[in-house]
Amino acid sequence: MLLAAIPGDLWREYVQEPGRQGIFLVLAAFLGSFLFIRTSARMARSDRFPWWPGSVVTDSGVHLHHLVWGIVLMMGGGTLGFALQGQSGWFEVSAVLFGIGVGLTFDEFALWVYLQDVYWAREGRTSIDAVAITAAFMGLVFLGINPLQVTGDDLLATLVSLGYSLGVLLVSGVCFAKSRYLHGFGTLVFPPVGLWAVVRLARPGSPWARWRYGARDPERQRRADERFGPHRLATRITERLRSAIGGFPIELPHRSPAPHGPDRGEDEALEAAAREVQQRAADEAAARAQQGPAAGRRP
């Protein structure tokens, strides 16, 4: 009886009473749907489960990605939550629907970025990273961590509190720009953590490295490549976790446009249309130039 009462007490004390049941249900549904759909995709990919239905394909051969169902569930859950204005029972249902939709959608996050099906390619690992970052953010919200809390009894104290919050967000933003996500989330909990990442090197493929390294600072680019190379223990552990969750990636073949393929024909048609518009504008300008002097000679 005591063990059975523990989950209920924890739910009331840490979830229900602080008013966090909504974000908890969204987070739980998000992680559950992501793990389910990723497991389903891996089972459909494996030859050991030929009975698993796999993806949904229409009669015309169109593959409906689970991204589609995720967007529909997000729209339905969000609309239901706003329409019922937090009514007990339905509020929880809308939170679960929204969380499931987020999980299905973020599992194909790479499709948003690359606009092509790279689910099993190395580029598809972006979805795993996006899910991890989103789950960490939801976890911080669930724990009640709010770096934007502004307090103070007078104007000076309020300005100091506001400046502190903005400073925390700035340091965290620099950490994320350097692709040091652990430091970025740690800054929101314990701000001094981010100061370490601010003065350290950025990861080679991070936005910070693209802005500040490369041709602008080749020495730092070289040091970053050496620092975060595949020999690094943390890199190897991260790759193993990605493979364990998302499966082993495949290398997509490099496709170059055929000299007379449909893409080439479309490009040539666009270029011809552009040249026609330019020629027409030049002819009209020449005609106006000839009409001007002629009009001036009329009696």
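**Figure 1. Arg222 and Glu226 within helix α11 of the predicted model.** Both residues lie in helix α11 (residues 218-227) and are four residues apart, about one turn of the helix. Their side chains meet in a salt bridge, with a distance of 2.8 Å from N to O. Arg222 has a relative accessibility of 39% and therefore counts as partly exposed, since this value falls between the limits of 20% and 50%. Glu226 is also partly exposed, with a relative accessible area of 47%.

**Figure 2. A network of salt bridges that includes Asp129 and Arg242.** Salt bridges with shared partners join Arg122, Arg125, Asp129, Glu239 and Arg242 into one network. One of the pairs is Asp129 with Arg242, whose closest N and O atoms are 2.9 Å apart. Asp129 lies in helix α6 (residues 125-142) and Arg242 in helix α12 (residues 233-246), so this salt bridge ties together parts of the chain that are 113 residues apart in sequence. Asp129 counts as partly exposed, at 27% relative accessibility.

**Figure 3. The salt bridge between Asp107 and Arg38.** The two side chains meet at 2.8 Å, N to O. Asp107 is in the loop between α4 (90-106) and α5 (109-114), while Arg38 is in helix α2 (residues 21-45). The pair links distant parts of the chain, 69 residues apart. Asp107 and Arg38 are both buried.

**Figure 4. Salt bridges in the whole structure.** A search of the whole predicted model finds eight salt bridges. Among them are the pairs Arg222 with Glu226, Asp129 with Arg242, and Asp107 with Arg38.

Note on methods:
Residues numbered from 1 in each chain as written. Predicted model: local features only at pLDDT ≥ 70, side-chain atom pairs only at ≥ 80, totals over all residues. Heavy atoms only, no water. Salt bridge = Lys/Arg side-chain N within 4 Å of Asp/Glu carboxyl O. Helix = DSSP H or I, 4+ residues; strand = E, 2+ residues; numbered from the N terminus. Buried < 20%, exposed > 50% of the residue type's maximum accessible area, 1.4 Å probe, protein only.
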